[in-house]
Amino acid sequence: MEKPRIPQDKLINHSKFKAFTQWVHKHHLALALVVGAAVVAIIFIIAMYSVQSDSGSPFFAGSKKPKEKFYSALTGLEVADANAVKAPVAGVIVENSPNARPQSGLSKAGIVYEAVAEGGITRFFALYQGNKPAKIGPVRSLRLYYLQWSTPYKASIFHVGGSANALSTVRNGKYHDIDEFSNGNSYWRANDRRAPHNAYTSGEKIDQTNTAKGHTESVFTGFKRADGKPAETPNATQIAINFSGPLFNTNYTYNKESNTYARTLAGQPHNDAEAGQIAPNSIVALEVNVEHRPGSREGYEDVITVGTGKAYIFQNGVVAQATWKRDNENAELKLVDAAGKDIALNRGQTWIAAFTPGRGSIAWQ
């Protein structure tokens, strides 16, 4: 029987296939390497474009995007989220006559401004955001310069009355005015002290008041902040800031372990009634001028908060001599070095003391 003939075109294809298989068998190792390299390249390309970093740079698959962090503009401390950054600020005028001591809530404030109110008696303007203490006070009357310092913070102002020029300004519709005389539910009168040294508010009452009045956020820049670290060679571990006389002069002692400054007042530890000795993370002393208060009795003065002057910044156990600047009553207070650059303050509580040279002074060692 005659063997079937294979068509010529099929015979050629069969020969080519046979030659190809022989070539593959001969070069199988090289071919495997090429295919393997191609597979690795494809996996790498897919990984590069499947995960991105914060800056847009690709990473290998499986790497995690860093969690975004948020920081308070008031203290520089980390907060939970973007809403916490914009939480409404409250400013409380706190008394400092001997009958008002020990005060409540000062150790928990983010920033405290301290200046003479009248007759050499100093007073505090304590700013809070986020978590607040359960008791703040005694609350006393407002002065124009505390109000001017408050403007950039978009704060609600908790006070009991005030000087004529302060009251006319805080009631002009541009401020969140929480005077006890028209917001009695935002305060209470303590039974263990005599009036006028017994008006108090609280974090809960502040939050309730802000919510009721629609004060839902405070957007501002705040001081430049940085992580503090004790200096290897401290040069300012004992600080004396004098305002007027022995009852109101202050001292600070640096604690390297906590990187804070224990505060004394009138020669005694300055204690918060609920939280012990007050110890801010940074201290800023401002040299300020004063002017006679229009329409007031002789001797009543207001601090000038706009302009420029000398500043002394104490943190990490060292002192930096700087300049304070404020362009107008709506501008934030700036602390700059000789080159005009903002000086970073340590995260945490900042205590700002405003004194007038000649009647007050500053010294350190």
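Strands, in the sense used here, are DSSP runs of E covering at least two residues, and helices are runs of H or I covering at least four, both numbered from the N terminus. The structure is a predicted model, and the backbone features described below are located by reference to these elements.

With that numbering, Ala 266 is placed in the loop between β13 (260–265) and β14 (268–269). Its phi is near 55°, a positive value in a residue other than glycine. Ala 266 has a relative accessible area of 29% and is therefore partly exposed, since that class lies between the limits of under 20% for buried and over 50% for exposed.

A positive phi is also found at Lys 154, where the angle is about 55° although the residue is not a glycine. Lys 154 belongs to the loop between α4 (144–150) and β6 (156–159). Its relative accessibility is 42%, so Lys 154 likewise counts as partly exposed.

The remaining features concern peptide bonds that precede proline. Arg 101 and Pro 102 are linked by a cis peptide bond, with omega near -10°. Pro 102 itself sits in the loop that runs between β3 (90–95) and β4 (111–118).

Further along the chain, the bond joining Ala 195 and Pro 196 is cis as well, and its omega is about 10°. Here the proline, Pro 196, occupies the loop between β8 (188–189) and β9 (199–200).

Methods:
Residues numbered from 1 in each chain as written. Predicted model: local features only at pLDDT ≥ 70, side-chain atom pairs only at ≥ 80, totals over all residues. Heavy atoms only, no water. Buried < 20%, exposed > 50% of the residue type's maximum accessible area, 1.4 Å probe, protein only.
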